[in-house]
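These are my notebook entries on one protein chain. I record below what I looked up, entry by entry.

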Amino acid sequence: MSKQVLVSVVMITYGHEKHIREAIEGVLMQKGDFSLELIIANDSSPDATDIVISEILKTHSKADRIRYIKHEKNIGMMPNFIFALQQAQGKYIALCDGDDYWTDPYKLQKQVDFLEANSDYVLSFHKVKILKPSGEFVDDFITNVPENYETQETLARLGNYIHTPSVVFKNIKMEFPPEFSLSPVGDYFLYIMLTEHGKLKYIEEEMAVYRYGVGIHSSKTSLNITKTVFNFYSLLLSYSNNPKINQILLERHATNFENFESNIRNEYSESFVSNHVFFKAIKALNPPNKKKKKMK
């Protein structure tokens, strides 16, 4: 590139053949007085994602902005995310997964301008539109940005209220701890780490679309989701050295543990009912005593 990269856009992808083109085009349409690079890390996707990306690399007029890496073997979401982050050369990093996309061509310019002018802020995020599987666009019903949203304490207390495709942050060369690489949730953990270095800034403009119901958690049961959250807070508690933040995380962890127990009961109660039905069926057959004992 002729100019030094100011913004590195990190895009991890797996199974996004239907959406990856729109995600890439949302990045390449960005306008601004800076140079950017798009890092696409394909975690050996088994579908046609690689074919779509290869076609864009051959035909798009701005393909020279793309750095594309396809892993020969699937390495997993978090290793792929960490790998992609480590490739970023820019002063700032923007996130957009392969199933989301940007809608405002000046999105990056607005966020970078703010971060350049405000050294006490480390991350900027904004409002998004939600796209349902039915094709309907709706206002954000997933997150609720609180009034005092800027600090690590609020982020820890209220959970993640930041959509991944809305994020731009300073490229702080951090050492990724073992807990981060083991975490089932990457973005929220990253934001907690970043807020050790500055505040958060919310821009109330819709500049991206988040696809609801197509992510890694969309097909999980409530029990699996609770297990994921339980593992996440265990790792976050192991990582954090801030007593005040640890107290908040511990309270959330305890609440999730109660939910965990409740979800186990709800999920497996039907299995016990099925067993009762099975034995009722045996009883209804009314076989001779010897056969009955043998079947039992």
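**Entry 1: strand 2.** I began with strand 2 in this predicted model and asked how many of its residues are buried. Eight of the eight residues are buried, so strand 2 is largely enclosed by the rest of the structure. I then looked at each face of strand 2 and found both covered. On one side S35, E37, I39 and A41 are buried, and on the other side L36, L38, I40 and N42 are buried as well.

**Entry 2: L38.** I chose one residue of strand 2, L38, for a separate check. Its relative accessibility is 0%, and because buried means under 20%, L38 counts as buried. Which residues does L38 touch, leaving aside those up to four places away in sequence? I listed V9, M11, I24, V27, R65, I66 and R67. For V27, which is 11 residues from L38 along the chain, I noted a separation of 7.5 Å between the two C-alpha atoms.

**Entry 3: strand 1 beside strand 2.** I next looked up how strand 1 (residues 5-13) pairs with strand 2. The two strands run in the parallel sense and are paired over eight bridges. I recorded one bridge by its residues: V5 has S35 of strand 2 as its partner.

**Entry 4: strand 4.** Strand 1 also pairs with strand 4, so I turned there; four bridges join these two strands, which run parallel. V10 stands opposite L95 of strand 4. What is the sense of the pairing between strand 4 and strand 8 (residues 168-170)? I found it to be antiparallel, over three bridges, with A94 opposite V168 of strand 8. I also checked which way the residues of strand 4 (residues 92-95) point: Y92 and A94 face one way, I93 and L95 face the other way, and all are buried.

**Entry 5: helix 1 and helix 2.** I moved on to helix 1 (residues 20-28), which packs against helix 2 (residues 49-59) at an angle of about 35°, with the axes 10 Å apart. The crossing of helix 1 past helix 2 is right-handed. From helix 1 the contact is made by I20, R21 and I24, and from helix 2 by T49, V52, I53, E55 and I56. I sorted the residues of this contact into five nonpolar, one polar and two charged.

I then listed the buried residues of helix 1, which are I20, A23, I24, G26, V27 and L28. What covers them? The cover includes strand 1, strand 2, helix 2, strand 3 (66-70) and strand 5 (101-102).

**Entry 6: helix 7 and helix 8.** For a second helix pair I looked up helix 7 (residues 187-194) and helix 8 (residues 222-239), which pack at an angle of about 20° with their axes 11 Å apart. Angles under 35 degrees count as roughly parallel, and helix 7 and helix 8 are therefore roughly parallel to each other. Helix 7 passes helix 8 in a right-handed crossing. In helix 7 I noted Y188, F189, I192 and M193, which meet F232, Y233, L235, L236 and Y239 of helix 8. The residues of this contact are nine nonpolar, no polar and no charged.

**Entry 7: the whole chain.** Last, I looked up values for the protein chain as a whole. Its secondary structure comes to 10 helices and nine strands. Of its 296 residues, 46% are buried. Among contacts between residues at least 6 apart in sequence, 79% join residues at least 24 apart.

Conventions: Residues are numbered from 1 along each chain as its sequence is written. This is a predicted model: local features need pLDDT of at least 70, side-chain atom pairs count only at pLDDT 80 or more; totals for chains, interfaces and linings use all residues. Side-chain values use heavy atoms; hydrogens and water are left out. Buried means under 20% relative accessible area, exposed over 50%, partly exposed in between (1.4 Å probe, protein chains only). Two strands pair if DSSP finds at least two bridges between them. Axes are lines fitted to C-alpha atoms, for helices over the stretch in contact, and angles run from 0 to 180 degrees between N-to-C directions. Angles under 35 degrees count as roughly parallel, over 145 as roughly antiparallel, 65 to 115 as roughly perpendicular and the rest as oblique. A crossing is left-handed if the near helix is turned anticlockwise from the far one by less than a right angle, and right-handed if clockwise. Contact means heavy atoms within 4.5 Å. Ala, Val, Leu, Ile, Met, Phe, Trp, Tyr, Cys and Pro count as nonpolar, Asp, Glu, Lys and Arg as charged, and the others, Gly among them, as polar.
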